[in-house]
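Here is a short, friendly tour to read with the structure open beside you. Feel free to pause at each stop and look for yourself.

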Amino acid sequence: MHPMFEHFLLSLVLVNTLCMAIEYEGMSQTYIDVLEMFNTVFTYMFMTEFLTKVWALGPKVYASDRFNIFDAVITILGFVQLMVS
């Protein structure tokens, strides 16, 4: 992968982690709505990353890396959670 793509994805992961870490008891509905919107955006971005890597590498090469499998499972579960809610 291109280093800029990797840095972009790492930045997404870090900002997503920050968004999950700033939840607290007693949040206003507006705050909850903004965090849910960010979660939706990140989920679609990670799904796009997943599909791009599968397309670029091919399913066999993509699946040969265990981290890619882990990433795919987390991304698919996040997408399923988004569709259920």
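## Overall picture

A helix here is a DSSP run of H or I with at least four residues, and helices are numbered from the N terminus. With that in hand, you can place Thr75, which sits in helix H4. We will come back to Thr75, which is buried.

The model is a predicted one. Its protein chain has four helices and zero strands, giving the pattern α-α-α-α when read along the sequence. Along its principal axes, the C-alpha trace spans about 45 × 30 × 15 Å. The chain has 85 residues, and 22% of them are buried. Its accessible surface is about 6400 Å², with 72% of that belonging to carbon and sulfur atoms. If you take contacts between residues at least 6 apart in sequence, 58% join residues at least 24 apart.

## Confidence

How far does the predictor trust this chain, going by its mean pLDDT? The mean is 93, and 100% of the residues reach 70 or more. Confidence is lowest in H1, with a mean of 92, and highest in H3, at 96. As a general reminder, predicted coordinates should not be read in detail where pLDDT is low.

## Helix H2

Helix H2 covers residues 29-57, which is 29 residues. Does its length agree with what 1.5 Å a residue would predict, or disagree? The expected span is 1.5 Å times one less than the number of residues, so H2 should cover 42 Å, and its end C-alpha atoms are indeed 42 Å apart. Within H2, the C-alpha atoms of Phe46 and Ile32 are 14 residues apart along the chain and separated by 21 Å.

The buried residues of H2 are Leu35, Phe42, Thr43, Phe46, Met47, Glu49, Phe50 and Lys53. They pack against three other helices: H1 (3-21), H3 (59-63) and H4 (66-84). An α-helix has 3.6 residues a turn, so residues three or four places apart point the same way.

H2 also contributes to the surface. Val34, Met37, Phe38 and Val41 form a nonpolar patch there, with about 310 Å² of accessible area together. Val34 belongs to H2, and its relative accessibility of 37% makes it partly exposed.

## Phe46 and Thr75

Phe46 lies in H2 and is buried because its relative accessible area of 14% falls under 20%. Which residues does Phe46 touch, leaving out those up to four places away in sequence? They are Leu12, Val13, Asn16 and Thr75.

Now back to Thr75 in H4. With a relative accessible area of 6%, Thr75 counts as buried. Beyond residues up to four places away in sequence, Thr75 touches Phe46, Met47 and Phe50. Those three partners are on the list of buried residues in H2.

## The salt bridge

How many salt bridges does a search of the whole structure find? The answer is one. The side chains of Glu49 and Lys53 meet in it, at 3.8 Å from N to O. In general, side chains of opposite charge can pair when their charged atoms come close.

Glu49 and Lys53 both belong to H2 and lie four residues apart, about one turn of the helix. Are these two residues buried or exposed? Both are buried.

## The end of H2

Leu57 is part of H2. Its relative accessibility is 38%, so Leu57 is partly exposed. Setting aside neighbours within four places in sequence, Leu57 is in contact with Tyr62 and Asn68. By contrast, Leu57 and Cys19 are 30 Å apart in space, C-alpha to C-alpha, with their positions 38 residues apart in sequence. Just after H2, Gly58 takes a positive phi of about 90°.

Asn68 is in H4 and is buried, at 4% relative accessible area. Not counting residues up to four places away in sequence, Asn68 touches Lys53, Leu57 and Tyr62. Asn68 therefore touches a buried residue, Lys53, and a partly exposed one, Leu57, at 38% relative accessibility.

Note on methods:
Residues are numbered from 1 along each chain as its sequence is written. This is a predicted model: local features need pLDDT of at least 70, side-chain atom pairs count only at pLDDT 80 or more; totals for chains, interfaces and linings use all residues. Side-chain values use heavy atoms; hydrogens and water are left out. Helices (H or I, at least four residues) and strands (E, at least two) are DSSP runs, numbered from the N terminus. Buried means under 20% relative accessible area, exposed over 50%, partly exposed in between (1.4 Å probe, protein chains only). Contact means heavy atoms within 4.5 Å. Patches are made of residues with over 30% relative accessible area and no salt bridge: like charges are joined within 9 Å, nonpolar side chains (Val, Leu, Ile, Met, Phe, Trp, Tyr) within 5 Å. Accessible areas come from the Shrake-Rupley method with a 1.4 Å probe; for residues, only the protein chains shown count as cover. A salt bridge is a side-chain nitrogen of Lys or Arg within 4 Å of a carboxyl oxygen of Asp or Glu. pLDDT is the predictor's confidence in each residue, from 0 to 100.
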